[in-house]
Amino acid sequence: MPPNLMSFLLIAMLVTLVFNTLVSMFSASATMKEIKYSEFMTKLEAGEVSEVEIRSDRLIITPRREEEPDPVASGITSSPADPTGAPSFQETLGQTQETQLELTYYTGYLYDTELISLLNKYNVDYYTPLTNPLWEIFRSWILPMLIIFVLFNFLLSTVSKRMGGGKGGFMSFGQSNAKVYVEKKTGVTFDDVAGQEEAKDSLLEIVDFLHNPEKYAHIGAKQPKGALLVGPPGTGKTLLAKAVAGEASVAFFSLSGSDFVEMFVGVGASRVRDLFKQANQMAPCIVFIDEVDAIGKSRDGQIGGNDEREQTLNQLLAEMDGFDSSKGVVILAATNRPEILDKALLRPGRFDRRIIVERPDLKGREDILKVHIKKVKISKNVDLKRVALATSGAAGADLANMVNEAALRAVRLNRGEVEQEDLMEAVEVIVAGKEKKDRIMTEKEKRIVAFHEVGHALATARQKNSQPVQKITIVPRTMGALGYVIQMPEEEHYLMTKDEMLTQITISMAGRVAEEEVFNLQTTGAANDIEQATKMARNMVELYGMSEKFGMMGLSSIENKYLDGRAVSLVSQITEADADNEVSCILSACYNKAKDIIQSNRAALSEIAEFLIEKETITGEEFMKILEKFPVDIYSQA
Ligand code: ADP
Ligand code: MG
Ligand code: ZN
C-alpha cells in the first residue's frame with residue numbers, strides 16, 4: 001500500500017471516529033438520558049416503562065405516558081411515597097408536556113438472564129431491532145469515509161486549480177502529475193516545426209509504428225524503446241515532442257525531469273513507477289520526459305551523491321527494461337546536456353536512438369521564419385531570405401522572438417503590417433539589445449567609437465576572404481555595445497579554413513589598432529573583441545590542430561557542446577603554458593596584420609569615420625562608395 005493511501009486511511013478513520021462519537025453524544029443528549037440499571041429496575045417495578053428496545057450494547061427505555069393507564073400497577077406511578085426515592089417523571093423534567101413525551105432513557109446492557117421474565121411480568125413490550133451488521137459498518141464507517149474522501153478530493157483539486165496547478169486531487173500526492181495529451185490536444189503538428197527534417201523523419205517512423213505495428217512485426221523489426229532529442233536550447237525539442245503528440249493518435253504523457261525530483265527520498269521513484277503503470281494501461285502511447293538531465297545525471301563523480309535522484313534514475317532504468325515495447329509504449333526524452341547523462345541510460349534497449357536537433361541552417365531558418373510570420377500581417381516587400389542570412393547561428397526560439405519583436409515595432413510605429421526594416425531592426429535588437437538613443441556620449445567618446453568601428457569594417461573589406469560589410473552604427477545599444485559592424489554572410493558554410501579564422505581575428509584586432517593609430521590610446525571598448533579573438537586563437541591551437549608547434553594534437557575537449565561549449569584541458573600544465581604561448585603568437589601576428597591594414601588605409605579610415613560621426617549609422621553601400629575612392633594599397637594585400 002502506498003504511503004499516501006495509508007496516511008489517508010488513518011486520517012479518515014480518525015475523523016470518522018470523532019464524527020461517530022459526536023453523533024452518538026448529541027443524539028443521546030438531545031432526547032435521551034442515561035440512567036443506572038438499578039434505576040431502570042425500579043422504574044420497571046413501578047410500572048413506569050411501556051417499551052424496551054434491546055440493543056447489543058444498551059437498552060432504550062420508553063416510559064409509559066401519563067394518559068395511558070397502567071394495567072398492572074396503576075396508582076403507584078404518582079405515589080409520593082416512592083420507596084426508592086427515585087424522581088418521578090414530573091420531577092425529572094419539570095418541563096412542558098411535549099418534551100416529556102419525547103424523552104427516553106437508556107442504560108447499559110447487563111447480561112441479566114431474568115430481564116425477559118421481568119419484562120413479561122410487568123407487561124412491557126420488548127424487541128430488538130433487526131440490524132444488518134454489514135450495513136452498520138457501512139453506515140458508520142465506510143459512508144463517512146467516502147464522503148470525506150470525495151470532499152477532500154474536490155477541495156484540493158479546486159484549490160490547486162486556482163493556484164494554477166490543475167493537478168490531480170488528494171490522492172495524487174506522490175503520483176506522477178502526468179498530463180494526458182490525447183490526439184491533437186497540443187495543437188501542434190509537424191507542419192509547425194520547420195528546418196528539422198531529419199529529426200522529423202526519425203519521429204515519423206515512431207509515429208508510424210504506433211499506427212501500424214504489424215507492418216514492422218512482419219519483417220521482424222523491433223521498435224526502439226526510447227529516443228533522445230538532443231540539441232541546443234530553443235531549437236524545438238519540446239515543440240517536436242508536442243508535434244509527435246499531435247501526429248500520433250495515441251495518448252501522450254508529458255513530464256519534465258524536474259517533476260520527479262522531490263525533497264523526499266522515494267517520491268521520484270514512485271512517480272516513475274506510477275507513470276509507467278499508467279502508460280502500460282494506456283498503450284499504445286508516448287511518454288515524453290523533458291529536460292531528462294534533471295534525473296538522468298551521471299551517478300559517478302559526486303561526493304555524497306544524491307539519494308533521491310539516484311533512486312529515481314534507477315527506477316527509470318528498471319522500468320525501461322521492464323516494459324515490452326511491442327505493446328506500443330515509446331519513450332521520448334529531451335536534453336541539451338547529453339554528455340552528463342548516465343551511460344546506463346544511453347545503452348541499447350533504453351534511449352538507444354539519438355535524434356539530433358541542431359541549430360537550423362539557412363534554409364531551415366527561412367522555413368522557421370515562414371512558420372512564424374504566418375501569425376503576423378506582413379507587407380509584400382518582406383524578404384525572409386535576407387533575414388535568414390542575417391541570423392546565422394540563431395535557434396528557432398530566437399527566430400520566433402524576432403518575428404514578434406518586429407511585429408511589436410510595427411505596432412509602435414503605428415503601422416498595420418510588418419515591413420522588412422522591422423525585421424532587420426528586430427535582428428539587431430536580439431543580437432545587440434535595444435537602441436539607447438538617450439545615452440549621451442561625449443564628443444570624444446563618439447569619435448573613438450566611430451574610428452574603432454570603421455577600423456573593423458576596413459579590415460573586413462580589405463581582406464580577401466572576408467564578408468562584405470552590411471551596416472556600421474555608433475548608436476549605443478542596451479546590451480553594452482557602443483557601436484558595431486554587421487557583416488553579411490553571402491552564403492552559409494559549415495567549414496572554416498585556417499585563413500578565414502586568421503582573417504576573423506585580424507578584424508577583431510582592427511578596432512583597437514584604429515584607436516591606437518588615430519588617438520594614440522587604448523580603451524575598454526575592445527574587451528569583447530579581445531575575448532573573441534583569444535577564444536578563436538585558442539580553439540585553433542587546442543581543438544583544430546592549426547598550430548605548427550602541436551600539429552594534430554588535441555589539447556582540450558568540449559564539455560557541453562549544446563550549452564556554453566566550454567573546453568576542458570586534457571594536457572599537463574607545462575603543455576598548457578606552451579599552448580598559451582602559441583595562442584599569443586597567433587594573436588600578435590594578426591595584430592600586426594591589422595596594423596598594416598589600418599596604416600595603409602589611414603586616409604580612408606578618417607574620411608569614413610567622419611562621415612559615420614555625422615550620420616551615426618551608415619550602410620554597407622555608403623561605406624563602399626567612400627572606400628572605392630581610395631585605391632587598394634598593394635602592401636596591405638601582401
Ligand atoms: P527546446 O529545444 O529548448 O525545447 P522549444 O521546443 O521549447 O525549444 O522551442 C521554443 C519555441 O521556439 C517554440 O515554441 C517555437 O515557437 C520556436 N521554435 C523552436 N524551434 C522551432 C522550429 N524548428 N520550428 C518552428 N518554431 C520553432
Ligand atoms: Mg525544451
Ligand atoms: Zn570592436
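Guide: A quick definition before we start: a residue is near a molecule if one of its heavy atoms lies within 4 Å of it. Also keep in mind that this is a predicted model.

Visitor: Okay, so how many residues surround ligand 1?

Guide: Using that cut-off, we look for residues with a heavy atom within 4 Å of the ligand. The closest are Ala194, Gly234, Lys237, Thr238 and His372. The full number around ligand 1 is 16.

Visitor: Which helices each supply at least two residues of the shell around ligand 1?

Guide: Let's go along the chain. One of them covers 237–247, another 362–373, and another 396–412. Those are helix H9, helix H15 and helix H17.

Visitor: How much of ligand 1 does the protein bury?

Guide: Start with some contacts. A backbone N or O atom of alanine 194 sits 2.8 Å from a nitrogen atom of ligand 1, and a polar side-chain atom of histidine 372 is 2.8 Å from a nitrogen atom of the ligand. There's also a backbone N or O atom of alanine 397, 3.4 Å from an oxygen atom of ligand 1. Taken alone the ligand exposes 560 Å², and the part of that buried by the protein is 80%.

Visitor: Moving on to the metal: which residues are the protein donors of the zinc ion (ligand 3)?

Guide: The donor atoms lie 2.0 to 2.7 Å from the zinc ion. Along the chain, their spacing reads H-x3-H-x72-D. The residues are His452, His456 and Asp529, with Asp529 listed twice through OD.

Visitor: Is the site of the zinc ion (ligand 3) tetrahedral or irregular?

Guide: Four donors count as tetrahedral if all angles lie between 85 and 135 degrees. Here the angles among the four donor atoms run from 52 to 144°. So, by that cut-off, the site is irregular.

Visitor: How many residues apart in sequence are the parts that histidine 452 and aspartate 529 tie together?

Guide: Both histidine 452 and aspartate 529 are buried. Histidine 452 belongs to helix H19 (residues 443–462), while aspartate 529 belongs to helix H21 (residues 527–542), so the pair ties together parts whose separation in sequence is 77 residues.

Visitor: Just past H19, there's glutamine 463. Is glutamine 463 buried or exposed?

Guide: First, its place: glutamine 463 lies in the loop between H19 and strand S12 (469–473). Its side chain makes a polar contact with the side chain of lysine 593 (3.3 Å), and a polar atom of that glutamine 463 side chain lies 3.4 Å from the backbone oxygen of threonine 503. Its relative accessibility is 5%, so glutamine 463 counts as buried.

Visitor: There's another loop glutamine, glutamine 196. Which residue's backbone oxygen lies 3.4 Å from a polar atom of its side chain?

Guide: Glutamine 196 is in the loop between strand S6 (179–181) and helix H7 (197–211). With a relative accessible area of 4%, glutamine 196 is buried. The backbone oxygen 3.4 Å from a polar atom of its side chain belongs to threonine 235.

Visitor: And in helix H7, how far is the C-alpha atom of valine 207 from that of glutamate 247?

Guide: Valine 207 is found in helix H7, and is buried at 4% relative accessible area. Along the chain, valine 207 and glutamate 247 are 40 residues apart. Their C-alpha atoms, though, are separated by 7.1 Å.

Visitor: Last one: how many disulfides are there?

Guide: A disulfide is a covalent bond between the sulfur atoms of two cysteines. The cut-off for a pair of cysteine sulfur atoms is within 2.5 Å. By this rule, the count is zero.

Conventions:
Residues numbered from 1 in each chain as written. Chains lettered and ligands numbered in written order. Predicted model: local features only at pLDDT ≥ 70, side-chain atom pairs only at ≥ 80, totals over all residues. Heavy atoms only, no water. Donors = N, O, S within 2.8 Å, 3.2 Å for Na, K, Ca; no water. Tetrahedral: all angles 85-135°; square planar, octahedral: opposite > 155°, others 65-115°. Helix = DSSP H or I, 4+ residues; strand = E, 2+ residues; numbered from the N terminus. Buried < 20%, exposed > 50% of the residue type's maximum accessible area, 1.4 Å probe, protein only. Polar contact = N/O pair within 3.5 Å; in protein donor to acceptor, adjacent residues only side chain to side chain. Areas by Shrake-Rupley, 256 points an atom, 1.4 Å probe, with all protein chains shown as cover.
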